[in-house]
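Let's take a walk through this fold together, starting with the sheet and working outwards. Keep the viewer open as you read.

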Amino acid sequence: MTSARQDRGRQAVTGRFAGRRVVVTGGSRGLGEHVVRLLLSEGARVATCARKTEPLEALRSSLGSPDALFTQSLDVSAPELLERFVEEAASALDGLDGVVACAGGARGRGITEATAQDWSATWEMNVGHVARLIARSAPYLRAAGGGPIVVVASVSGWKPGPQAQYGAAKAAQIHMVSSLARELAMDGIRVNAVSPGSMLIPGKRWDRMRQEDPPAFDRFRAEFPGRELVQPEEVADVIAFLLSDQSRGVTGVNLPVDKGQNAPTPEGY
């Protein structure tokens, strides 16, 4: 049974995700921002979070229909904050129909330099965040009759390169997806992973290398058969596919979006 507010939302918009309610963590910049904008453009109502308030406010102010977006600033590795965000997002959107775990990151350097805190923080940003997000979102998806969950992992989860704490956390995400896909299947919940290759995002690592050290960037491009890095829009399109009804027969997969990338870093394997 839908509420009058939901019915009004569905009547007012059109598109592949018309009226659907989706949570996206880490949606203020980079890949997450592309996912949020794509979902909104196709009729979804979206709740997203990020560490800093300013990028969220900039995202909202850039939208033609900001009422379709619920935002909150928080650290996803803080359990009580993440779980409260999911609850408040579900309240603001009148429920949930889909989830994208896009927030992540890493701390620390190589194995002889990384501290126990670096390993713990990297684990919580990736594995802990995803586990808690899914655990808190699953009852809302179940109440909606099921829905898709997409976890943004990485090629670093199975193509080894430094730093080990990041690769280990991403490998754990991929395994978690295959396990939870089976656990949640009877509730109509599909769980899949997308593993982006090295993305060319303005202002980020590879874009800075391209501008500051063109020879090094050209050497890194050799890791890609087509000599082109992945664009965030290309990954966002695949995430949208896994959220859509077109992928209703797909669950428990890890889908690389890496343009055939070899090593995940310039350091090689």
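Start in the middle, with an open sheet of seven strands in the order E3-E2-E1-E4-E5-E6-E7, paired in parallel. Before going on, a word on the source: this is a predicted model, where local features need pLDDT of at least 70 and side-chain atom pairs count only at pLDDT 80 or more, while totals for chains, interfaces and linings use all residues. Residues are numbered from 1 along each chain as its sequence is written, and side-chain values use heavy atoms, with hydrogens and water left out.

Back to the sheet. Helices (H or I, at least four residues) and strands (E, at least two) are DSSP runs, numbered from the N terminus, and two strands pair if DSSP finds at least two bridges between them. In the order E3-E2-E1-E4-E5-E6-E7, the edges are taken by E3 (69-73) and E7 (254-257); each has a single partner strand, so one side of each is left without a neighbour in the sheet. Neighbouring strands are turned by 15° against each other on average, direction ignored.

Now zoom in on two of the pairings. E1 (residues 21-25) and E4 (residues 98-101) pair in the parallel sense over four bridges, and Val24 sits opposite Val100 in E4. Two helices pack on this sheet, where contact means heavy atoms within 4.5 Å. Helix H6 (residues 164-183) touches E5 (147-152), E6 (189-196) and E7, and its direction makes about 155° with that of E6. Helix H9 (residues 232-243) touches E1, E4, E5, E6 and E7, at about 170° to the direction of E6. For these angles, axes are lines fitted to C-alpha atoms, for helices over the stretch in contact, and the values run from 0 to 180 degrees between N-to-C directions.

The other pairing is E5 with E6, which run parallel and are joined by six bridges. Val150 has Asn192 in E6 as its bridge partner. How covered is E6? Eight of its eight residues are buried, buried being under 20% relative accessible area, exposed over 50%, and partly exposed in between (1.4 Å probe, protein chains only). In a regular strand the side chains alternate between the two faces of the sheet. You can see that here: Ile189, Val191, Ala193 and Ser195 point one way from E6, and Arg190, Asn192, Val194 and Pro196 the other way.

Over in strand E2 (residues 45-50) you'll find Ala50, which counts as buried at 10% relative accessibility. Leaving aside residues up to four places away in sequence, Ala50 touches Ser28, Leu56, Gln72, Ser73 and Leu74.

Next, follow helix H5 (residues 116-143). Its 28 residues reach 39 Å from first C-alpha to last, close to the 40 Å expected at 1.5 Å a residue; that expected span is 1.5 Å times one less than the number of residues. H5 also has a kink of about 45°, centred on Glu124, the bend at a residue being the angle between axes fitted to the seven residues ending there and the seven starting there. After H5 comes Gly145, with a positive phi near 90°.

Side chains of opposite charge can pair when their charged atoms come close. How many salt bridges does the structure hold? There are 15, each being a side-chain nitrogen of Lys or Arg within 4 Å of a carboxyl oxygen of Asp or Glu. In one of them, Arg136 meets Glu87, with the closest N and O atoms 2.9 Å apart. Arg136 lies in H5 and Glu87 in H4 (residues 79-93), so the pair ties together parts that are 49 residues apart in sequence. Arg136 is partly exposed at 23%, and Glu87 is partly exposed at 34%.

Asp258 and Lys159 also form a salt bridge, again with the closest N and O atoms 2.9 Å apart. Asp258 is in the segment after E7 and Lys159 in the loop between E5 and H6, 99 residues apart. Buried or exposed? Both Asp258 and Lys159 are buried. Salt bridges that share partners join Glu228, Glu234 and Lys259 into one network.

Finish with some backbone details. The peptide bond from Pro162 to Gln163 is cis, with omega near -5°, and Gln163 is in the loop between E5 and H6. Asp94, in the loop between H4 and E4, has a positive phi of about 65° although it is not a glycine.
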